[in-house]
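Dear colleague,

I am handing over the structure below, together with a summary of what was found in it. Please open the model alongside this message and read the two together.

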Amino acid sequence: MGGEGDGRLVGRVAECLALERLLDRLTGGVPRLVEVTGEPGIGKTRLLAELAQRARRRGDLVLTGRASEYDGSTAFAVLIDALDGWLRGLDPAHRRSLTGADAGVLAGVFPAVAAESATVDRVTERHRLHWAVRALLERLGRTSRVVLVFDDAHWFDPSTVELLAHLVRRPPRGPILLALGYRHRQAPAHLLAALGGRTATRLRLGPLTQEEAAELLEGVPGRFGRQAIHRDSGGNPFYLLALARAGTQTGAPPGPEIDDIPPAVRQAILAETAALGARTVAVAQAAAVADGDFDTDLVAAIAEVDRAGIAGAIDELVARDMVRPAGPGQRFRYRHPLLRHVIYLTADAGWRLGAHARAAATLGRRGDPLDDRAVHVERSALPGDGAAIELLVAAARQVLWRAPAIAAHRLAAALALQHDRTARVDLLIELAHARGLAGDLTGSRATMDEVLGLLPRHGAAARTQAVVFCAMVERLLGLHAESRARLLAEFEALAGAEFEETASLAIELSFAGLMRGDFPANRSWALRALELARRFGSRPIEATALGFLAMNSYGRGEVRHAAARLDEAALLVDGMPDHELAKRIDATLWLGWNETYLERYRDAVRHLERGLRLVNMTGQVYLLPLLLACLDIALRWQGRLVEAARYAEEAVDAAYLSGSAELRCIALAVTSWIASWTGDVALAVRSGRAAVATAEPLSGWFTTVAAAMLARARLAADDPGDAVEQILAQFGGPDLPAADPWTRMSWWEVLVRGDIAQGHVDRAAGYAERAEALAARLGLAGHTGLARLARAQVLAAEGSRDQAAAHAVVAVGDFTAAGCRLEAGRAHLLAGTTLTDPDQARHQLELARSVFAGCGARGLRLRAVRELNRIARPPADGPGIGGLTARELEVANLVTDGLTNAQIARRLGVTAKTVEKHLAQLFGKLDVPSRAGVASVVTRALAGTPPATP
């Protein structure tokens, strides 16, 4: 690619063809991602401009933004550059239609939206902002093909990288192309990690050939001169043009040491300034300090040059093509970031210090945003500058919730200027909080250790609060032993000097017991926290302790006692105003969690949703993945799979942002579980594998849940292998002692299905017997329904169809009483497949189909439809399909539709080997030698009564 300088495109034929193919495919509505990478000056910007030009010719909406070197500490700078001006130019009604219900969230990023928004959500979970931007792009894609071009992505700020990771992980639906240009050798690890999760078109640009370079340098006389320039430039277009501009000039003053720029090219760039007058050099350096798109007023203040002098200097810089117009309002930009960087470094360090101070002062007088001013304050303030510290802290607080990594950067800069011990403690606590929000848990812990080193050793409420915070961060890091040891040491040091915050130590120690599976410790510390909370009048901690105690009672099978504890906790939570409950939002978590165990699903959802609302208000996002995961569980048991699937996606996003491997493991495991019920078995297996991979360095409960969920997903994908044995190993054998009663009941029913599928009916009967015994002891309707469903499946496998149907019909009543709608549908389905009377069977299957459709259980709904078709269409003469399993019938139908083995495997989320196994079984059962024979039998069997509709 040629010319940053003259705009001509030279070479890059293959790359342009690839871009054309991407634009062609965009018509189908499939989102795309293209990465253009290469060394500085290689022509990434020119190729991206070519993409934008070709897209515009097709009538596409093209939005472009370019990051700059300073943008790494400015939240969402490139996103604002690309979209804000376009949004500002829209008719207000059109703009409101695009932002919709997300206007308050988007107003926190886009000034164009904030200007007319009634509310600006400053404190909001970052993942909700990500979803809002994604929804905005999807709305744009409904009326136009959209091409987003982001250049110099290696300078993206951390918040933009997080947003990019979300868009890569969950691409906006519609005809949307995201194009990124970045320097592959300078790309930070977090950017590469964000891009690593999605297949993309990657165009890595190399040097131009001699022939291509000659075309670009056609104005340079002499073949040997062009060859010399090509040799010295290495075929890099920017360097080619820089050397060509320098002509035969040599002996330029030695330039600064800049990575990736050859000395000859560096000298050539500096030679461009050699002919400039002193005033124009000063203006060029001032423009380099301003960075990005600069305006003449700001440059005049930085350079300390009057307006007339500025105008003449800018005219000269434009004439020499060092800077170029960049939109209305007398704004300009350097033709290339490398040129700006070299000129910036030609200025003396002392002059740059004063230049940044003048820039900050000018922006302050103009009332420019705090973020813009903070960039220059960081580079100019001296230690002890109280005004600079105040501005940096204010700038940090302004972006804390939507860009915590940038807030941490600002706070660290303020801390470097602050020497007062008391003030440093306050700043360190804010910095630890910001780093924790940004997912830098290790940095947050180190900062809190520094705080603890500055606080009195014992007896102060502030120190206790700091210890609790530090222990919480250690817990999120998976350092459970260290967290517990820290809490114990602090609690023991406070013996005899207890105060309200001591209850927080006790409740954290109770949580520590739960996380390592030490339920006696969980109970004893919860009792201690309850006593302290009541003594000092802390209702939030009292409610949290009661939630833990309810969990303990339920785990021991003491349902009445657990219910009484939950009644107390619910009374407290419902009686507290938001500002009081916000002190311990996890009170809603443990209340909702245990209400789910005791089948109080509506109350659980109500309390958990209140917890989510409080997280959104207060920014306590470390609770978000667990709250969302628990809400998923409650919604799943209510049969609200569509909502549960959405919350599962949010839980994964929130967990990735948290920086905690344990929270990510939990969120992925729950996603796997929900996906297995929605019928997306491929997602179930993929998420299960990701949960196991995340859990590898962990231990205990996280590893158990991840491995068990993957095994369960494999069962759902009809690829059992050793899945049953894996589940037994994770939970401690057939009695599943490592699981709580509700979880145990659910897993026994899974094991029944798994063993029956593999022909181990006797072992399945043992699980059903265990489930029946536990259900009789607990006396809860949903638990009883699961036990009856397990027994019904065993009876059906043993050939006792009438008894199986009777158990299933009674189970419907149990599930209906408990509010377990999806399970009621499963019981209807089993009754329909075991009843011998066709009319009764058809009635049960119709009920099952209706329930599954309402729940969003696609796989189960299709199974109910197939069973209805089986009843409606008796097989023709010869072998029929009535004896096929549900999965065999599914494979047979896909064969009939003409799908290959590989396509069937992808559709069902199983391996090709598993498909081959099913085909072999089909050949035997249908007495046919080939796939064509399978298709023939299925076609004849389905040729009678019109099928039930899916």
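Where is the place of D348? D348 sits in the loop between α17 and α18 (349-366), and I should say at once that this is a predicted model. With a relative accessible area of 58%, D348 is above the 50% cut-off and therefore counts as exposed. The C-alpha atoms of D348 and L454 are separated by 39 Å, the two residues being 106 places apart along the chain.

The sheet

An open sheet of five strands, paired in parallel, runs in the order β2-β3-β4-β1-β5. Its edges are formed by β2 (61-66) and β5 (201-204), each of which pairs on one side only, and from one strand to the next the twist averages 15°.

Strand β3 (residues 146-151) pairs with β2 in the parallel sense over six bridges, and within β3 it is V149 that stands opposite T64. Towards β4, which runs parallel to β3, there are five bridges, and here V147 has L177 of β4 as its bridge partner.

Why can β3 be described as largely enclosed by the rest of the structure? The description holds because six of the six residues of β3 are buried, where buried means a relative accessible area under 20%. In a regular strand the side chains alternate between the two faces of the sheet. Both faces of β3 are covered, with V146, L148 and F150 buried on one side and V147, V149 and D151 buried on the other. Helix α2 (residues 44-57) lies across β1, β2, β3, β4 and β5, and runs at about 165° to β3.

Cavities

How many cavities of 30 Å³ or more are there? The count comes to eight, and the largest of them has a volume of about 120 Å³. This largest cavity is lined by 13 residues, of which D291, G292, R333, P337 and R340 are the closest to its centre, while the elements that give two or more residues to its lining are β8 (331-334) and α17 (337-346). By class, the lining of the largest cavity divides into four nonpolar, three polar and six charged residues.

The second largest cavity holds about 100 Å³ of space and is lined by 12 residues, with R32, L167, P172, I176 and L178 lying nearest its centre. Two or more lining residues come from each of β1 (32-37), α8 (158-169) and β4 (176-182), and two of these elements, β1 and β4, also appear in the strand order of the open sheet. The lining of the second largest cavity has 10 nonpolar residues, no polar ones and two charged ones.

A buried helical residue

V652 belongs to helix α34 (residues 641-658). Its relative accessible area is 5%, and for that reason V652 is classed as buried. Leaving aside residues up to four places away in sequence, V652 touches R170, A667, L668 and T671. For one of these, L668, which is 16 residues from V652 along the chain, the C-alpha atoms of the pair are separated by 6.2 Å.

Two residues with positive phi

Most residues other than glycine have a negative phi. Which backbone angle is near 60° in R12? It is phi, a positive value in a residue other than glycine. R12 is placed in the segment before α1 (13-26), and its relative accessible area of 7% means that R12 is buried.

E599, which is not a glycine either, has a positive phi of about 65°. This residue lies in the loop between α31 (586-597) and α32 (601-618). Is E599 buried or exposed? At 11% relative accessibility, E599 counts as buried, whereas D348, which is also in a loop, is exposed.

When you go through the model, you may like to start from β3, whose six residues are buried, and then turn to the linings of the two cavities described above.

With best wishes

How values were computed: Residues are numbered from 1 along each chain as its sequence is written. This is a predicted model: local features need pLDDT of at least 70, side-chain atom pairs count only at pLDDT 80 or more; totals for chains, interfaces and linings use all residues. Side-chain values use heavy atoms; hydrogens and water are left out. On a 1 Å grid over the protein atoms alone, a cavity is a set of points where a 1.4 Å probe fits but cannot get out, and a pocket is an open set with protein on both sides within 12 Å along at least five of seven lines; lining residues have an atom within 4 Å of a point. Grid points are joined across faces, edges and corners, and a volume is the space filled by probe spheres set on the points. Helices (H or I, at least four residues) and strands (E, at least two) are DSSP runs, numbered from the N terminus. Ala, Val, Leu, Ile, Met, Phe, Trp, Tyr, Cys and Pro count as nonpolar, Asp, Glu, Lys and Arg as charged, and the others, Gly among them, as polar. Two strands pair if DSSP finds at least two bridges between them. Axes are lines fitted to C-alpha atoms, for helices over the stretch in contact, and angles run from 0 to 180 degrees between N-to-C directions. Contact means heavy atoms within 4.5 Å. Buried means under 20% relative accessible area, exposed over 50%, partly exposed in between (1.4 Å probe, protein chains only).
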